[in-house]
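Trainee: I have a model on the screen and some questions about it. Can we go through them one at a time?

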Amino acid sequence: MQRALELAHEAWNAGEVPVGAVVVKEGEIVGRGFNAPISRHDPTAHAEIMALRNAADNLGNYRLVGCSLYVTLEPCPMCIGAIFHARIARLVYGASDPKTGACGSIVNLPENVRLNHHAQVVGGVMEQECGRLLSDFFAQRRGKNKAHRASEDGGEN
């Protein structure tokens, strides 16, 4: 999770929402990714998707059997779908996502018995660090927006 958090910082530095992810197989990182939908002009370029793509390229197979995915934020429904299609065995996430989380916050797709694949899910790993990074990012963004609005209206709020 520490490496995923480092990748989340890279996302922040790139002007993206700071979420990072890594795919691990047999103790080795085989895929890395961070949020990039803004820079790539791609709504699917979430950290999980980027890490899955990187791992699939590195392993030469879209099926990532026996792999674990570590991500700093609870995955959304799109990412859970990709995780299932990749056959990820274990999903570990940091902070919960009360707006789009699909591992229990909004819906719980991994617990849906009608789906054909299930991953072991562990949430709350390094939750404070992961959550703080997101909170700090959005607080800074709100501060910049407030300063921008103030300069546009002559300093009045």
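**Rings, sheet and cysteines**

Mentor: Start with Phe138, which counts as partly exposed at 32% relative accessibility. Keep in mind that this is a predicted model.

Trainee: Which residues form one aromatic cluster with Phe138?

Mentor: A search of the whole structure finds 2 aromatic pairs. In one of them, Trp12 meets Phe137 edge-to-face, at 5.3 Å centre to centre and 80° between the planes. The rings of Phe137 and Phe138 have centres 5.1 Å apart and planes at 80°, so they too are edge-to-face. Phe138 therefore shares one cluster with Trp12 and Phe137.

Trainee: How many residues apart are Trp12 and Phe137?

Mentor: Trp12 sits in helix α1. Phe137 sits in helix α5, residues 127-152. The pair links distant parts of the chain, and the separation is 125 residues.

Trainee: Is Phe137 buried or exposed?

Mentor: Buried means under 20% relative accessible area. Trp12, at 22%, counts as partly exposed. Phe137 has a relative accessible area of 5%, so the verdict is buried.

Trainee: Now the sheet. Which strands stand at the edges?

Mentor: The sheet is open, its pairing is mixed, and 5 strands run in the order β2-β1-β3-β4-β5. An edge strand here has a single partner, so one side is left without a neighbour in the sheet. That describes β2 (28-34) and β5 (120-122).

Trainee: By how many degrees are neighbouring strands turned against each other on average?

Mentor: Take the strands of this sheet pair by pair, with direction ignored. The average turn between neighbours is 15°.

Trainee: Which residue is the bridge partner of Val71 in β4?

Mentor: Strand β3 covers residues 67-73, and strand β4 covers residues 90-95. The two run parallel, joined by 5 bridges. Val71 has its partner in β4, and that partner is Tyr93.

Trainee: At about what angle does helix α1 run to β1?

Mentor: Helix α1 spans residues 2-13. It lies across β1 (20-25), β2 and β3. Its angle to β1 is about 145°.

Trainee: On to cysteines. How many disulfides does the structure hold?

Mentor: A disulfide needs two cysteine sulfur atoms within 2.5 Å. The sulfur of Cys103 is 9.7 Å from the closest cysteine sulfur, in Cys76, which is too far for a bond. The total for the structure is 0.

Trainee: How far is the nearest cysteine sulfur from that of Cys76?

Mentor: Cys76 is in no disulfide. Its nearest cysteine sulfur belongs to Cys79, and the distance is 3.8 Å.

Trainee: Is Cys103 buried or exposed?

Mentor: The cut-off for buried is under 20% relative accessible area. Cys76, at 12%, is buried. Cys103 has 10% relative accessibility, so it counts as buried.

Trainee: Last topic, the backbone. What is the phi of Glu26?

Mentor: Glu26 lies in the loop between β1 and β2. At 74% relative accessibility, Glu26 counts as exposed. Although Glu26 is not a glycine, its phi is positive, at about 50°.

Trainee: Where does His41 lie?

Mentor: His41 is not a glycine, yet it has a positive phi of about 55°. His41 counts as exposed, at 73% relative accessibility. Its place is the loop between α2 (37-40) and α3 (47-59).

Note on methods
Residues are numbered from 1 along each chain as its sequence is written. This is a predicted model: local features need pLDDT of at least 70, side-chain atom pairs count only at pLDDT 80 or more; totals for chains, interfaces and linings use all residues. Side-chain values use heavy atoms; hydrogens and water are left out. Two strands pair if DSSP finds at least two bridges between them. Helices (H or I, at least four residues) and strands (E, at least two) are DSSP runs, numbered from the N terminus. Axes are lines fitted to C-alpha atoms, for helices over the stretch in contact, and angles run from 0 to 180 degrees between N-to-C directions. Contact means heavy atoms within 4.5 Å. Buried means under 20% relative accessible area, exposed over 50%, partly exposed in between (1.4 Å probe, protein chains only). Rings of Phe, Tyr and Trp (its six-membered ring) pair if their centres lie within 6.5 Å; planes under 30 degrees apart count as stacked, over 60 as edge-to-face and the rest as tilted.
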